[in-house]
Number of protein chains: 2
Amino acid sequence: MARTSLQERKQKILQIVIHHYIRSAKPVGSETIIEKYKLEVSPATIRNTLADLEKEGFLTHPHTSSGRVPTDKGYRFYVDSLVQLQRLTQEEEQRIDHEYENQRMELGRVMQETSKMLSMLSHYTGFVLTPSVVNDQVRRLELIKLDGNNILAVLVTVSGLIRHKVIVFEGNTNSAELGELNRMLNRNIAGLDIKDIGTEIIRKLHTEKVKQERNLQLLEILLQQAFNLADESELYLEGTGNILSQPDFSDYDKLRNIFKVIDEKKMLTDVLETKFEDRGVRVLIGEESTCKDLEECSIVTSTYRAGDKTMGALGIIGPKRMEYSKMIALVDYFSKIINKTLNRQKKEHTGEPRKK
Amino acid sequence: MARTSLQERKQKILQIVIHHYIRSAKPVGSETIIEKYKLEVSPATIRNTLADLEKEGFLTHPHTSSGRVPTDKGYRFYVDSLVQLQRLTQEEEQRIDHEYENQRMELGRVMQETSKMLSMLSHYTGFVLTPSVVNDQVRRLELIKLDGNNILAVLVTVSGLIRHKVIVFEGNTNSAELGELNRMLNRNIAGLDIKDIGTEIIRKLHTEKVKQERNLQLLEILLQQAFNLADESELYLEGTGNILSQPDFSDYDKLRNIFKVIDEKKMLTDVLETKFEDRGVRVLIGEESTCKDLEECSIVTSTYRAGDKTMGALGIIGPKRMEYSKMIALVDYFSKIINKTLNRQKKEHTGEPRKK
DNA sequence: ATTAGCACTCCTTATATTGGAGTGCTAATT
DNA sequence: AATTAGCACTCCAATATAAGGAGTGCTAAT
């Protein structure tokens with residue numbers, strides 16, 4: 001066999017094992033490989049190769065006399081070697097597109113629907129992470145007087161996210177005062193990066209004269225309180241029940257671990273937030289998520305962005321034994337759709353020309 | 001035995017069986033009853049009574065030679081006969097109180113925290129249902145111009161709920177116009193029941209003169225769009241993973257059924273919404289929830305109200321075999337706390353004197 | 001009405017028994 | 001040197017069998 005070098009075959013066999021295991025959920029043995037994939041070698045040869053692959057850490061044995069099962073390292077190789085990414089079927093793409101056409105929902109709801117669709121199409125758990133809006137820019141900040149001590153601050157970002165927060169301000173302001181302050185603020189902060197607001201506002205204040213002492217006070221409180229609403233990231237999780245249908249999690253302890261993370265959204269948020277510097281779809285296999293309780297899971301995730309700023313992440317969580325090819329295509333498609341939706345909103349606001 | 005009539009004993013035995021089953025999760029037999037509860041009758045007598053109770057539909061047999069297990073009817077009797085409700089321990093009450101002291105969170109977040117606490121203290125799944133705000137009254141409605149076609153409507157209710165929605169209005173309004181309209185609106189609608197706004201506004205409009213044609217148009221759209229934001233009820237669910245720890249749900253099919261309902265929040269919302277005419281804590285046992293998938297669960301729920309209007313519901317979902325006494329006390333306490341919190345907000349707004 | 005006595009049921013647990021899937025090794029083959 | 005046939009060996013998974021026990025239901029005695 002000159003054509004198929006040893007290395008080549010080894011890799012091919014590894015891929016076959018993993019591919020087959022992903023679909024069958026059963027450890028795969030040498031005979032199976034030959035039967036289903038018509039390799040022109042004997043079972044014994046396969047066995048030798050399998051033993052090699054095990055020595056190199058790509059596969060394991062549940063017990064002496066059972067077939068092989070991929071290790072994390074094996075999955076990693078498999079995912080990295082997926083060259084031609086499966087595309088979604090036309091039907092699927094249309095179904096998704098349809099959902100986003102002529103819709104004018106508030107962004108929060110879009111995200112919720114998105115995670116629901118992710119879960120339905122993947123049959124795993126779908127998520128969308130709307131991270132802190134600190135990377136976003138201010139479109140408007142509206143101060144509304146509620147009663148004596150309470151002011152409602154509504155922040156609208158350039159990408160269309162809306163956050164509100166009740167602020168306690170002990171000094172009595174009347175509506176007129178507040179309105180003036182409001183206009184002044186919006187003249188100065190529109191378009192600013194939210195994370196810069198603190199420093200910027202102080203700088204700009206020197207150019208405008210602030211009418212009253214107390215307004216300065218209020219501003220201070222605003223800076224302290226209103227903009228830590230920007231910190232609160234939101235995580236939409238849907239289809240958590242799908243996890244139950246996975247044969248991989250027939251063990252109750254494994255299940256409980258996973259639900260520990262799901263219930264404690266904070267944990268999950270942390271995992272997801274620390275992992276998205278890059279662009280493009282990323283796959284976190286087992287321990288790669290650096291979360292002990294997720295060692296039996298894989299996460300397929302991508303970011304979405306408004307303009308050039310990374311805004312948040314979306315994706316799916318499932319067992320390590322998942323159809324990566326399909327899932328990557330799915331997540332990728334959604335990330336693109338969301339990008340489109342976000343940038344449409346942004347264009348409409350800034351009035352930028354469509355080209356470029 | 002003149003003192004203990006037959007009926008009395010029968011009921012007592014029923015209570016013992018259920019009480020013991022709730023704590024042990026094992027079918028209870030005649031011997032056990034005598035051992036643990038020191039009845040002065042023989043096992044045979046107990047057996048006769050048990051057989052009677054089974055004939056009457058309060059108990060069943062998993063199989064011929066096992067102890068008795070309550071039926072839904074049995075649980076119903078048990079719950080109805082719980083006269084002296086257990087109170088929470090001081091420690092627990094303090095822990096809860098502490099959480100609500102000097103906090104000034106937006107109401108949505110309060111609800112989320114509340115459901116989390118419900119789940120933690122019950123070890124089951126906690127929920128808070130913020131129903132459609134239609135039963136609430138308007139405190140303020142603020143219109144904020146976003147860009148050409150989009151207006152952000154922020155509705156603040158008397159009880160402190162905040163809803164926002166982006167409204168599409170094709171005609172271009174400038175901020176000044178909008179501001180005027182806004183002031184006009186708030187002069188007229190503050191304090192109105194949200195469900196009456198449609199009719200009321202039309203009536204009131206005849207007393208004020210509306211400046212421009214287009215404002216009328218805008219108003220119409222507002223009425224159509226802004227106030228169906230009132231329809232969206234929100235369901236906060238926490239601690240779903242706790243369900244996994246229940247030995248009652250060691251069966252995967254049962255688990256899946258429950259998670260079907262949990263994932264499809266809409267279903268759960270419907271169940272909960274149709275069930276809260278009454279005041280006070282209610283217990284829905286098994287099929288009483290009229291939801292097939294919840295036939296293995298019980299729901300302990302109570303409403304909370306602002307003033308005299310029922311606002312929403314909160315409670316816990318767990319297995320039928322739950323410590324009802326404790327759970328009822330827990331849910332009751334939370335409902336009272338939330339009532340207090342809500343009415344505090346309301347008082348602060350209306351400036352009503354604290355007494356009465 | 002209550003109870004002792006006892007046969008009977010059926011679950012639960014433990015223990016063998018078996019078949020088979022799959023491996024790893026050795027020695028023969030190309 | 002790589003491949004392969006042959007075979008012993010391992011261990012799981014399924015099935016059968018047995019023993020123990022918890023608990024019932026019935027009958028007859030109190």
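In this predicted model, the surface near DNA strand D draws on helix H3 of both protein chains, with H3 of chain A and H3 of chain B each supplying at least two residues. The bigger contributor is easy to name: H3(A) gives the most to that surface, with four residues. In total, 20 residues surround DNA strand D, and the closest of them are Ser42(A), Thr45(A), Thr64(A), Ser65(A) and Ser30(B). On the DNA side, sugar and phosphate make up 76% of the strand D atoms that come within 4 Å of the protein. As for the character of the protein surface here, its residues split into 13 polar, four charged and three nonpolar.

A few polar contacts put some detail on strand D. Ser65(A) goes for a base: a polar atom of its side chain sits 3.1 Å from a base oxygen of DNA strand D. Chain B, meanwhile, reaches the backbone of this strand. The side chain of Ser30(B) places an N or O atom 2.9 Å from a phosphate oxygen of DNA strand D, and a polar side-chain atom of Arg68(B) is found 3.2 Å from a phosphate oxygen of that strand.

Turning to DNA strand C, helix H3 (43–55) of chain A and helix H3 (43–55) of chain B each put at least two residues into the surface near it. Here the largest share, four residues, comes from H3(B). There are 20 residues around DNA strand C, of which Ser30(A), Ser42(B), Thr45(B), Thr64(B) and Ser65(B) come nearest. Of the strand C atoms within 4 Å of the protein, 74% belong to sugar and phosphate. The surrounding residues comprise 13 polar, three nonpolar and four charged ones.

The polar contacts to strand C also involve both protein chains. From chain A, an N or O atom in the side chain of Arg68(A) lies 3.2 Å from a phosphate oxygen of DNA strand C. From chain B, Arg9(B) brings a polar side-chain atom to 3.1 Å from a phosphate oxygen of DNA strand C, while Ser65(B) has a polar side-chain atom 3.0 Å from a base oxygen of that strand.

Away from the DNA, chain A holds twelve helices and ten strands. Of its 356 residues, 53% are buried. Contacts in chain A between residues with a separation of 6 or more are 62% made up of pairs 24 or more positions apart. The chain exposes about 17,200 Å², and carbon and sulfur atoms supply 48% of that area.

Salt bridges number 32 over all chains. One of them is a local affair within a helix: the side chains of Lys266(A) and Asp270(A) meet with N and O 3.0 Å apart. Both residues belong to helix H11 (residues 265–273) of chain A, and the four-residue spacing between them is about one turn of the helix. Lys266(A) counts as exposed because its relative accessibility, 55%, is over 50%. Asp270(A), at 34%, is partly exposed.

A salt bridge in chain B spans a much longer stretch of sequence. Asp72(B) and Lys320(B) pair through their side chains at 2.6 Å, N to O. This pair links distant parts of the chain, 248 residues apart: Asp72(B) is in helix H4 (residues 72–80), and Lys320(B) is in the loop between strand E10 (309–319) and helix H12 (324–350). Lys320(B) is buried, since its relative accessible area of 15% is under 20%, whereas Asp72(B), at 21%, is partly exposed.

Also in chain B, Asp293(B) forms a salt bridge with Lys260(B), and their closest N and O atoms are 3.4 Å apart. Asp293(B) sits in the loop between strand E8 (282–285) and strand E9 (297–306), and Lys260(B) in helix H10 (residues 252–263), so this bridge ties together parts 33 residues apart in sequence. The acidic partner, Asp293(B), is buried at 14% relative accessibility, while Lys260(B) is partly exposed at 44%. Salt bridges can also share partners, and in chain A those among Arg76(A), Asp80(A) and Glu288(A) join the three residues into one network.

Technical notes: Residues are numbered from 1 along each chain as its sequence is written. Chains are lettered from A and ligands numbered from 1 in the order in which they are written. This is a predicted model: local features need pLDDT of at least 70, side-chain atom pairs count only at pLDDT 80 or more; totals for chains, interfaces and linings use all residues. Side-chain values use heavy atoms; hydrogens and water are left out. A salt bridge is a side-chain nitrogen of Lys or Arg within 4 Å of a carboxyl oxygen of Asp or Glu. Buried means under 20% relative accessible area, exposed over 50%, partly exposed in between (1.4 Å probe, protein chains only). Contact means heavy atoms within 4.5 Å. Accessible areas come from the Shrake-Rupley method with a 1.4 Å probe; for residues, only the protein chains shown count as cover. A residue is near a molecule or strand if one of its heavy atoms lies within 4 Å of it. A polar contact is a pair of N or O atoms within 3.5 Å; within protein, one must be able to donate a hydrogen and the other to accept it, and residues adjacent in sequence count only if both atoms are side-chain atoms. Ala, Val, Leu, Ile, Met, Phe, Trp, Tyr, Cys and Pro count as nonpolar, Asp, Glu, Lys and Arg as charged, and the others, Gly among them, as polar.
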